[in-house]
Amino acid sequence: MNALLRPLNLPDFPWDSLEPARARAAEHPGGVCDLSIGTPVDPTPTIIQDALANSTNAAGYPRVEGTLELQEAMALWASKRGMVPLQSPREATAQSAAVIPTIGSKEAVAWLPFELGLTSDDTILVPEVSYPTYDISARLIRARCIRVDPERVDTWPDASLVWVNSPSNPTGHVLTREKSHASVQWAREKGAIVVSDECYAALPWQAPFTSEGVPSLLDRDICDGDPTGIIVLYSLSKQSNLAGYRAALMAGDRDLISRVLTVRRHTGMILPAPIQHAMAVALTDTDHVEHQHALYGARRTILKRALEDAGLCVDPHSAAGLYLWVSDPSGRMNGWDLVDWFAERGMIVAPGDFYGERSTNFVRVSLTATDECIQSAARRLIPDGFASANSR
């Protein structure tokens with residue numbers, strides 16, 4: 001091997017380890033019902049498809065900070081979300097933007113510490129049960145990564161950056177306004193940056209979030225009217241079925257966004273112009289978001305009831321998002337045992353250890369499947385039930 005090829009310091013891609021379960025599930029006479037990866041399956045709304053089709057004449061290079069149209073749409077969306085005013089869109093330049101488009105939110109998560117100038121000398125905190133790419137973002141710059149309880153700010157060690165994720169992937173837990181405010185206070189006391197991944201915020205299921213909305217870290221009361229030291233990420237993949245468009249945004253502290261934008265300009269990380277127009281349309285249309293919320297809500301009701309009727313435990317604190325956090329109430333089966341149990345019934349779910357050592361007894365069950373698949377999964381769950389099968 002070339003001596004210059006140092007180890008990448010990256011783990012194996014976790015989803016590859018599900019291949020044996022996929023093969024077992026494929027043997028089911030009803031076919032595979034994939035409830036593992038949360039990829040949208042519903043059509044991209046026609047209004048967005050039309051916007052993309054009507055903007056294909058894009059000969060010039062697009063603006064990294066977003067077109068004026070997109071800047072206005074992102075600012076309006078942020079205002080409706082309850083965020084502090086970030087700037088006038090017409091003032092948004094490559095030197096002053098406080099909200100910018102990104103090529104999906106996973107890319108933004110993975111590269112953000114690098115774009116902010118963090119190095120191997122820094123420490124990054126991630127939730128103890130969380131989306132794996134937070135850890136990857138630290139590994140890419142060889143920083144120290146420490147897992148922490150997102151609700152126990154008093155236990156957090158000193159760090160340069162902390163990730164919070166509300167609603168959480170995979171658990172669906174939502175941080176209260178008080179807990180969110182505490183994370184902002186901690187970051188300011190420590191001189192740290194706090195980054196809030198809020199890509200599931202449009203999907204609340206339980207009170208008070210169904211009426212009040214999921215709190216943003218840039219909510220005036222949570223950040224005390226000041227975005228300093230805060231970055232919020234959001235994605236249209238879930239609310240608008242735009243995973244294939246890679247349309248997302250980053251908002252917050254203007255100085256921090258400016259640092260990020262400088263790197264993105266130098267490296268050509270630009271959302272294509274047709275996608276920018278489609279994204280602007282998606283952000284300003286609320287009807288399709290409400291329609292998609294209703295679809296997922298119906299699927300969630302069916303699947304949650306079937307899982308509970310089968311004798312499985314669904315985390316009662318899963319208040320928002322696209323997943324159900326499921327375990328064996330007896331404690332006899334761990335996450336991989338449950339993966340096998342589901343696979344025998346033609347279903348694929350994600351084991352909890354994908355998301356941290358504290359979640360090895362859980363599986364994540366996704367709502368991102370067709371109505372037919374969800375109904376089929378419910379029928380497969382209920383006939384013999386988990387409790388009876390597990391007692392034999």
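In which helix is Gln276 found? In this predicted model, Gln276 belongs to helix 11, which covers residues 273–284. A look at the overall fold helps to set the scene before returning to this residue.

The protein contains 15 helices and 13 strands. Its radius of gyration is 21 Å, close to the 21 Å that the globule rule gives for 392 residues, so the protein is as compact as a globular protein of that length. The C-alpha trace spans about 65 × 55 × 50 Å along the principal axes. Among contacts with a separation of 6 or more, 76% join residues that lie 24 or more positions apart.

Turning to the surface, the protein exposes about 16900 Å², and 51% of this area is supplied by carbon and sulfur atoms. Of the 392 residues, 56% count as buried. As for charge, there are 35 positive and 47 negative charges, and their mean positions are 2 Å apart.

Back in helix 11, is Gln276 buried or exposed? Gln276 counts as buried because its relative accessibility is 0%, where the cut-off for buried is under 20%. The Gln276 side chain has a polar partner: it reaches the backbone nitrogen of Thr67 at 2.9 Å. Thr67 also appears in the list of residues that Gln276 touches, once those up to four places away in sequence are set aside. The other residues in that list are Pro62, Arg63, Gly66, Leu70, Ile270 and Leu271.

Definitions and conventions. Residues are numbered from 1 along each chain as its sequence is written. This is a predicted model: local features need pLDDT of at least 70, side-chain atom pairs count only at pLDDT 80 or more; totals for chains, interfaces and linings use all residues. Side-chain values use heavy atoms; hydrogens and water are left out. Helices (H or I, at least four residues) and strands (E, at least two) are DSSP runs, numbered from the N terminus. The radius of gyration is taken over C-alpha atoms; the globule rule is 2.2 Å times the number of residues to the power 0.38. Buried means under 20% relative accessible area, exposed over 50%, partly exposed in between (1.4 Å probe, protein chains only). Contact means heavy atoms within 4.5 Å. Accessible areas come from the Shrake-Rupley method with a 1.4 Å probe; for residues, only the protein chains shown count as cover. Lys and Arg count as positive and Asp and Glu as negative; His and the chain ends are not counted. The place of a charge is taken as NZ of Lys, CZ of Arg, CG of Asp or CD of Glu. A polar contact is a pair of N or O atoms within 3.5 Å; within protein, one must be able to donate a hydrogen and the other to accept it, and residues adjacent in sequence count only if both atoms are side-chain atoms.
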